[in-house]
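Okay, my turn, so let me put the model up on the screen. I'll talk about the empty space inside first, and then about the charged pairs.

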Amino acid sequence: MYFKQTIYTILFLLPLTVFAQESESSWQKKLSNFSFEPVVALQIWSSYTLGQEVYDATNREYKEVDDRLDFQLRRSRLGFKGQAYENLKFNLTAAIDLVGRDVLSGTEAGGNNGPSPQLRLWNAFLQWRLINGSEKLNLVMGYLPPQIGRESITPASRSTSMEKSWSQNYLRRHLVGTGPGRAVGANFGGLFINENSKIHWGYDLGIFNPAYREYNNNSTGDQYAPLVSGRLAFYIGDPESPKYTIGHKVNYFGKRKGFTLALSGAHQGTTNLFTSNAAYGGDFLLNLGNLNVDGEWHFLIREGEEQINGNTRAIESTAGTGYLRISYNIPLQKGFVLEPTAMIMRFNGAMSAEDQEMANTLDAFAGEEQKLDVGFNLYFNPNLKLSLHYTHRDGDAGDAGDGSTLNNYFSQSGVGAIRKGSWAGLGVMIVL
């Protein structure tokens with residue numbers, strides 16, 4: 001009897017053992033291509049602001065506020081990325097930004113000073129390489145920035161100015177409606193590298209679903225049109241990367257000798273806000289030895305309709321924004337690198353009363369803004385740097401005059417009408 005039970009037990013367990021071995025073998029194959037990497041990045045600043053002015057609506061004049069020292073956790077990125085299969089990558093990243101920022105400091109963006117600073121989603125996407133062993137066709141799906149411009153698709157940790165060029169903010173808000181510039185969508189992209197040539201190229205073509213201010217900022221409104229974006233980049237000399245990626249950088253620390261020239265554009269059709277919304281322009285990057293030069297310029301065009309005395313007339317708002325930046329690597333002892341850098345940023349919008357009225361109806365930017373950033377970055381390694389910079393700011397409201405809030409120089413969330421001051425800053429950026 002005992003012998004029979006033993007035989008039955010063996011016969012019962014044998015297929016389970018074989019199944020377990022096959023299952024283990026299958027999982028081992030899957031796990032052999034699996035990689036997991038945490039994402040941790042911190043940018044901590046101290047800044048001193050001079051000449052900030054807040055508009056007093058009662059007396060209809062600007063009044064200076066005290067110059068001030070400000071400490072802030074400018075950016076943090078927390079999450080993970082990795083590879084699930086041979087051709088499938090993933091990225092899930094959250095952000096905690098602007099913690100501690102005084103909104104009367106001259107630095108950019110809003111504040112995050114509640115009793116529990118807000119955590120928000122930053123990136124959430126899958127990247128699927130559709131052809132084995134080839135970078136020519138990739139599909140990226142999820143929550144990500146449309147691939148247009150250079151600064152918008154360059155992480156702050158890889159920018160060479162202390163603050164990223166705020167031309168990206170004008171471009172992002174024009175297309176997506178928010179400063180982070182993210183939207184849910186799908187992007188096809190690829191990279192063509194010719195080993196026998198010094199000319200290479202890459203492309204991106206995406207379709208996204210940005211939400212514009214309707215139904216508690218959750219819809220474009222009763223009228224719908226998707227945002228379509230595209231970018232075509234040519235590389236002379238070394239490409240920026242041997243593999244396709246939606247993230248870029250500026251400084252290659254002498255390891256790249258190449259020039260990138262890219263053309264990009266985006267368009268969205270009729271929504272409740274406009275009949276047409278578009279941006280188009282170009283960007284470039286030059287890496288030559290220790291020299292790094294990059295820049296971009298984009299035209300922002302928005303068209304719509306308005307009712308006047310029962311009649312419908314077509315209206316339009318046009319603007320342009322971009323930057324030019326240069327830096328140079330000076331190698332020091334122990335592998336340190338000192339990088340002097342300078343950047344000028346411009347926004348050119350409507351200046352006449354009539355054109356500014358149309359821009360306001362279309363919820364578009366107007367007036368002018370310019371910013372000059374000069375300073376030094378000290379790299380202990382490419383993932384750890386100290387920055388000491390000075391940023392001079394200026395703007396022109398045109399016919400809108402005092403008290404207008406028509407662009408970033410004249411407007412501050414949480415305050416209202418303002419004239420931004422200039423500021424000096426000391427910061428540290430670390431990517432773990």
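So, cavities: this one, which is a predicted model, holds 4 of them at 30 Å³ or more. The largest has a volume of about 60 Å³. Rolling a probe the size of a water molecule over the atoms is how you see where empty space is left.

What lines that largest cavity? You've got Gln43, Trp45, Ala156, Ser159, Ser161, Met162, Lys385, Ser387, Gly427, Val428 and Met429. If you want it by element, strand S1 (35–50), strand S18 (384–396) and strand S21 (422–431) each give two or more residues to that lining. S21 has the largest share, with 3 residues. And in terms of character, the lining divides into 5 nonpolar residues, 5 polar and 1 charged.

Okay, on to the charged pairs. The count comes to 19 salt bridges, and I'll walk through a few of them.

Start with Glu53 and Arg419, where the closest N and O atoms sit 2.7 Å apart. Glu53 is in strand S2 (residues 53–56) and Arg419 is in strand S20 (residues 416–419), so this pair ties together parts that are 366 residues apart in sequence. Buried or exposed, what is Glu53? Glu53 is buried, because its relative accessible area is 16% and the cut-off for buried is under 20%. Arg419, on the other hand, comes out as partly exposed, at 26%.

Next up is Arg129 with Glu135, and here the closest N and O atoms are 3.0 Å apart. Both ends go in the buried bin: Arg129 has a relative accessible area of 16%, and Glu135 has 14%.

Then there's Arg150 with Asp283, at 3.2 Å between the closest N and O atoms. This pair links distant parts of the chain, 133 residues apart: Arg150 is in the loop between strand S7 (138–144) and helix H2 (167–175), while Asp283 belongs to strand S12 (residues 276–288). Arg150 is buried, and Asp283 is too.

One more thing while we're on charges. Which residues do salt bridges with shared partners join into one network? Those are Glu108, Glu369, Lys371 and Arg393.

So, to recap: 4 cavities of 30 Å³ or more, and 19 salt bridges, including Glu53 with Arg419 and Arg150 with Asp283. That's what I've got, thanks.

Technical notes: Residues numbered from 1 in each chain as written. Predicted model: local features only at pLDDT ≥ 70, side-chain atom pairs only at ≥ 80, totals over all residues. Heavy atoms only, no water. Salt bridge = Lys/Arg side-chain N within 4 Å of Asp/Glu carboxyl O. Helix = DSSP H or I, 4+ residues; strand = E, 2+ residues; numbered from the N terminus. Buried < 20%, exposed > 50% of the residue type's maximum accessible area, 1.4 Å probe, protein only. 1 Å grid on protein atoms, 1.4 Å probe; cavity = no way out; pocket = protein on both sides within 12 Å on 5 of 7 lines; lining within 4 Å. Points joined across faces, edges and corners; volume = space filled by probe spheres on them. Nonpolar A, V, L, I, M, F, W, Y, C, P; charged D, E, K, R; others polar.
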